[in-house]
Amino acid sequence: MTLPDPDLLKQLPAPHPDQAPLPPAAGPAPGVRLLRGVPYAVPEGSRPLELDLWLPEGPAPLVLYIHGGAWRRGRRDDMGMRTRDWDPGPFTRLAAAGLAVACVDYRLSGEATFPAPLDDLRAALRWLALRSAELGIDTRRTVAWGESAGGHLAALLALTHPEPPLAGAVSWYGPSDLTTPRGGFRPDDASTPEALLLGAAPATVPALARAAGPLAQVHAAAPPFFLAHGTADTMVDSSHTEDLATALRAVGVPAELRLVSGADHGWYGASEAEVAAVFGASLEFVQGC
């Protein structure tokens, strides 16, 4: 039997993300570079995970953006239905304001269960720190920003990532508690997005459900939070965000809470002015971190 040439075996895999060259940059706006589809990790047995980068003239603070989609679907460059038609788009606006943005893939619940998505975000932070000089970003000033399921992951990452600690978190209408009935959610239901994230009904895996809930991870050394939610949310009850703000404030963590009266999930039903105001307040928060 003929053995494969060792040099062939070395060259077959794609370059490791730690050393792979960066793709060519596009220019969506003056002074902003856009790098699409940059691999940052290849989990064993999984697809390569990629991120998109919006880069201003550096060195720039970093927004790690985490998309929503019930942990089951979604696109890394989507900030929700109310920003999809913006021109310029939300990430170009952040970069034009002097912030670098990394929109990250993470493994969805059909690919791997919790804590896989949280592990992926930590891997993205490691890669971004490793390549920070090349990219012109300051990862010591990183804010996690997410909407819906991404808001849940942004909050959890900010509360549990030990070193270096994040500078802040922005969570739009994200779940904070996977253990308590809220709105239409029941922890004994094995068909919910939360159950698919955990691999079982939350009530049957209480320790895992608690570990996956930002509310249970609140501590006094947490970074500041900006929390926003619609009061008429039919998918993630607004009590998730209100209780998280209360818990953070109780241990002395700055937590700005913005409730949008009458808005449903994804800012459905809110006016254009209200959506723009939440985005503007979130941007102002990040700039102050």
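These are my notebook entries on what I looked up in this structure.

**Entry 1. The model.** I note at the outset that the model is predicted.

**Entry 2. Helix α5.** I began with α5, which covers residues 149–160. I found twelve residues in α5, and the span from its first C-alpha to its last is 16 Å, close to the 16 Å expected at 1.5 Å a residue. I then looked up burial. Eleven of the twelve residues of α5 are buried, so the helix is largely enclosed by the rest of the structure. I listed the buried residues as A149, G150, G151, H152, L153, A154, A155, L156, L157, A158 and L159.

**Entry 3. The packing of α3 and α5.** I next looked up how α5 packs with α3, the helix of residues 116–130. The two helices meet at an angle of about 65°, and their axes are 10 Å apart. I recorded the crossing of α3 and α5 as right-handed. On the α3 side, the contact is made by P117, L118, L121, R122 and L125. On the α5 side, L153, L156, L157 and T160 take part. I sorted the residues of this contact by character and obtained seven nonpolar, one polar and one charged.

**Entry 4. The loops beside these helices.** I looked up the loop between β6 (137–147) and α5, where S148 is placed. S148 has a positive phi of about 60°, although it is not a glycine. I noted S148 as buried, with a relative accessible area of 10%. In the loop between α5 and β7 (168–172) I found P164. A cis peptide bond joins E163 and P164, with omega about -10°. I then turned to the loop between β5 (100–104) and α3, which holds P115. A cis peptide bond joins F114 and P115 as well, and here omega is about 15°. I recorded these phi and omega values because most residues other than glycine have a negative phi, and most peptide bonds are trans.

**Entry 5. W71.** I looked up W71 in the loop between β4 and α2. W71 is not a glycine, yet its phi is positive, at about 60°. With a relative accessibility of 3%, W71 counts as buried.

**Entry 6. T92.** I located T92 in helix α2, residues 90–96. T92 is buried, and its relative accessible area is 11%. Leaving aside residues up to four places away in sequence, I found that T92 touches P28, A29 and W54.

**Entry 7. G58.** I placed G58 in the loop between β3 (49–55) and β4 (60–66). G58 is partly exposed, with a relative accessible area of 46%. I also looked up G74, 16 residues from G58 along the chain; the C-alpha atoms of the two are separated by 29 Å.

**Entry 8. Cysteines.** I asked how many disulfides the structure holds. The structure holds zero. I then asked why C103 forms no such bond. The closest cysteine sulfur to that of C103 is in C289, and because the distance is 18 Å, the two are too far apart for a bond; a disulfide requires the sulfur atoms to lie within 2.5 Å. C289 is accordingly in no disulfide. I compared their surroundings last. C103 is buried, with a relative accessible area of 0%, whereas C289 counts as partly exposed at 23% relative accessibility.

Key:
Residues numbered from 1 in each chain as written. Predicted model: local features only at pLDDT ≥ 70, side-chain atom pairs only at ≥ 80, totals over all residues. Heavy atoms only, no water. Axes fitted to C-alpha atoms, helices over the stretch in contact; angles between N-to-C directions. Helix = DSSP H or I, 4+ residues; strand = E, 2+ residues; numbered from the N terminus. Left-handed = near helix turned anticlockwise from the far one by under 90°. Contact = heavy atoms within 4.5 Å. Nonpolar A, V, L, I, M, F, W, Y, C, P; charged D, E, K, R; others polar. Buried < 20%, exposed > 50% of the residue type's maximum accessible area, 1.4 Å probe, protein only. Expected span 1.5 Å × (residues − 1).
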